[in-house]
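Here are some notes to read alongside the structure, written for someone meeting it for the first time. Please keep the sequence and the 3D view open, and look up each place as it is named.

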Amino acid sequence: MNALFASGPPSTRVQIVASLALYSVLSVIWSWPLASDPLNMLVCRQVDGFGQTWFVAQPLRLISQSSSFPEGEWLNRSDSFIIWGIGAVLTPLGGPMAAGSLCALLGPALTGLAADRCAVAWGASWPWSIVAGLAFGFSSMAANALLEGHTYAILDPWTPLMLGALPAALRPDPDRRAVLLVVVGWSGALLTSAYIAITASLMLVPLMVGSWLRQETRTRTLFGVLSCIGVIGAPYVGLFALHGPSTRASQGTLLYTYGAMRTGSATLAGLLAWSPGSDVMQHSMAPVIPMTVTMLAIFAASGVRASRRLIAVGVFAVLLSLGPEVDLPGIGRFPGLLAPIAQLPAASFFRFPARILPAAFLAFGVVGAQALTVVAPGALRWAVLALFAAVIDAIVGSGAPFRTRPIPFPLPSAYTYAPPGALLELFPDRSVTSPEFMLYLIGRTCGYAALHGEPVLQECLSISQGTDHRHLMAGWLFGRIFDGPDDIAVNLAVRGVASVAFHPDLFLTGERDLIRAGLEAALGPPLAESADAGERVVLFAVPGVVASRSEAVNAWQEALP
Amino acid sequence: MASPYDVVYTGFSATVSRLGTAYKMVLSDDGRALRDDKPYDGVYVGEITTDYSAWTDLSISGTLRTGETVTLYTGTVRTSETDVVLAFQVRSMAPPAHGPPQAARVAAAWPESAAPVPEGLPILGAFLWAALIAVMVSLKLSGAQSPGRR
C-alpha cells in the first residue's frame, strides 16, 4: 500500500478524474435503479418528484400558462431557479423527467467533487479529501432530497465552491478571483434553493466576520462581499414577497409553525440512524450525521490543531438543526436555538431546520480530511480504514440505496385524446382524503400536465389546497351532477374547460357510478378511457364552443351559478 | 397486520381494490403465505400481484373470539412504488366493546421480514457503529498537528 504513495501525490488532474470516477459509481449505486431508465422513472418515495416534473417543463417566464387556468400561476416563489434553467434545456431533449434525473445522478458526484476540492483548498491532501466529498455529496440530507423528489437540492457544488475560495479571499492580500468565487458560490446556492442559501450563509458570515474581527481580513473585502450578496439576494426576496401570502396559507398559526418546525427538525437520537419508518408518510426526513467525519472533527478539536472555526460552524449548524425544542431522552425538553424564531408568523415558511445540517456535514468533512492528512503519513492503513468507514457512512448511514424505489410515471393513454384547451381533473376534495394524499393527487396530475401539454385548472406550485379553480369547478360540478346536469356543459365551456378527466378509482363504489352517469348525461359518452398507467382515467370532451383564455378570464370574474 | 392482542382477535382479513377490482384475502400467520416468513409471530400477512396501480383502496377487518368481525381500517393509500409493503398494527388498547377498534400504518421491512421494524434497532446499530468509530479515531488522533490552522 505504501508503494501507492511512494512516488509522491498524483497530479491534480488525476486526482479529480479518480475522485469523479469514484463519486460517479457511488452515485449510480446511490440512486439505483434510476440510471437504468432515467427518462421514464422516478425513484422518490414522496410526492415532490411529480411537481418537479411539471415545474421543469415550464418555459422561463414568471407566469406559467400550464396551471391555474385561465390566469396562469406565478412562479416567483419557486424554490429553485437553477432546476428551471436546466429543465429549459433538457426537457425539449429528453422529456420532463430528464432534468430531475440528471440532478439525481450527477448531483452527488459533482457536489462531492466540489467538497473534495474544497477540503484541498483548506489544507487537506488527496485522497483524504474524499471523506469531505462523501460526507457532503452523499449525505443523509441529499438522500432526503432524492427520496422526497426535489432532486435539485442534491446538485450543490456552490456551497463548497464558496467555502473553498474563502481561505484565499480572506487573506490580508485577497485573491480577487477567490473573492469573486465566494460571491458566485453563494449566488449559485441561492438560486439552487433557499435552504441551501441559508446553509451557505451560515458558513460564510461567521467565518468572514470572525476573520475580520481578528484583523486577518480587510474591511473592504468584508463589505464588498456582503454588499454583493445583498444586491443579489434583494431581487430574490423581492420576487418572493411580490405575490402570495406572508404566511403559509391555512398554516400561519403560531401553534402550527412551532409544530411544523419541530417535525422538520433533527433529533439527537435521529442524528444516529434512519429507519424504514422514516419513509412511510409524507416526508423522508432522516437527518443522520456522517459518523466518521464527525468523530474525526470531535477528536480533531481536542487533539489536532485543525480548523476550529469550521468545527464551531458545524456545531452551531447542528444546534440550529435541532429546531425550536431539544428533546434529551429521559431528561426532558428544552428550548432550542430556533425557539424565538418559531414565534414569528413568517417562520411558517421555515419548516425544516434539519436542512441546515449540510453546513455541518461540509465543515466536519473538511476537518475530517485535514485530520486524516495529518495522521495518514504515520498510519496509512488506519487512514485507509477511515476512508472505507466514510464510504459506509455514505451508503449505509444515508440509506439511500436501500430506500429508493422505482416509480413508473407514464401518462395514462386517455389523456392523449384530450382536445386543445383547459383540462379539469376530477378527483375527491381534501375533505374526504388526507392532506398528504391530496398533495399526491395534485402532484401527479400536474406531472401529467407536463406530459400531455394541456393547461389545467389547479395550482401546481402553490401548496394552498382547496382554493384554486379546480377545487371550485369540481365542487360546483359535483353539486350539479347530483342535482341535475342541464347547465354543466355550458358553464364548463364558457370558462374555457375543453375536457374533464374523471378518476373513478378515487371515489366510493356507489358514487363513482352516479358521477359517471351524470357526466355522460351532461357531456355525452367518454372520449377515451384507459387503465394502463396505474389508474383508470375516463376522459370527457366538453361539447360546444369552448371560450378562449381571455374570454375565460372574464367568465371567471363571475361566480358559478 | 400485527396485533399484540391475541386474546381479542383470532384472525384478520383484507379487501384490496386496485384499478377498480376488489381482491379479498385472509391474512395468515402460519409462515406459509410469504417466503421466509416467521410462523406464529403475531404478524398476519398476505400478498397479491396485480397490474401497477398508483393507489389502493384498503379495508382491514379483524375477527373477534366471539366470531364477530370488526373493521380496523378503511382508506386509500398511495402505492406509487412497483412493490409496496403495507403494514398495519392494531392500536386499540381494549376490546372493541370499550372503544372503536382501529389499526395504524407502521413501517415494515419485507422482503427481509414481514414484521414491523422496531424503531430502536437502527439506533442501537448506529450507536455501536459510532462507538467503534470513536474508539478507532481516538486511538490515532491525540497529539497530531494540523497542516494549517485557520
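1. In this predicted model, strand E3 of chain B, which covers residues 55-64, is largely enclosed by the rest of the structure, because 8 of its 10 residues are buried. A residue counts as buried here when its relative accessible area is under 20%.

2. Strand E3 of chain B has pairing partners in the same chain that can be traced one by one. With strand E1 (residues 9-18) of chain B, E3(B) pairs in the antiparallel sense over 8 bridges, and in E3(B) the residue B:Ser61 is the one that stands opposite B:Ser13. With strand E4 (residues 69-78) of chain B, E3(B) again pairs in the antiparallel sense, here over 9 bridges, and B:Leu58 has B:Gly75 in E4(B) as its bridge partner.

3. The hairpin made by E3(B) and E4(B) deserves a look of its own, since there are 4 residues between the two strands. In this hairpin B:Gly67 takes a positive phi near 95°.

4. Turning to chain A, please follow the open sheet of 4 strands, whose order is E7-E8-E10-E9 and whose pairing is mixed. Its edge strands are E7 (422-426) and E9 (528-530) of chain A, each of which pairs on one side only. From one strand to the next, the twist averages 20°.

5. At one edge of that sheet, E9(A) pairs with strand E10 (residues 537-541) of chain A in the antiparallel sense, over 3 bridges, and A:Glu529 stands opposite A:Val538 in E10(A).

6. Is A:Ser530, a residue of strand E9 of chain A, buried or exposed? With a relative accessibility of 5%, A:Ser530 counts as buried. A polar atom of the A:Ser530 side chain lies 3.2 Å from the backbone nitrogen of A:Ala414. Leaving aside neighbours within four places in sequence, the residues in contact with A:Ser530 include A:Pro412, A:Ser413, A:Glu535 and A:Arg536.

7. A:Val184, which is found in helix H9 (residues 176-192) of chain A, offers another case to examine: its relative accessible area is 35%, so A:Val184 is partly exposed. If residues up to four places away in sequence are not counted, A:Val184 touches A:Trp158 and A:Leu161. From A:Val184 to A:Ser36 the separation is 148 residues in sequence and 34 Å in space, taken from C-alpha to C-alpha.

Technical notes. Residues are numbered from 1 along each chain as its sequence is written. Chains are lettered from A and ligands numbered from 1 in the order in which they are written. This is a predicted model: local features need pLDDT of at least 70, side-chain atom pairs count only at pLDDT 80 or more; totals for chains, interfaces and linings use all residues. Side-chain values use heavy atoms; hydrogens and water are left out. Buried means under 20% relative accessible area, exposed over 50%, partly exposed in between (1.4 Å probe, protein chains only). Two strands pair if DSSP finds at least two bridges between them. Axes are lines fitted to C-alpha atoms, for helices over the stretch in contact, and angles run from 0 to 180 degrees between N-to-C directions. Contact means heavy atoms within 4.5 Å. A polar contact is a pair of N or O atoms within 3.5 Å; within protein, one must be able to donate a hydrogen and the other to accept it, and residues adjacent in sequence count only if both atoms are side-chain atoms.
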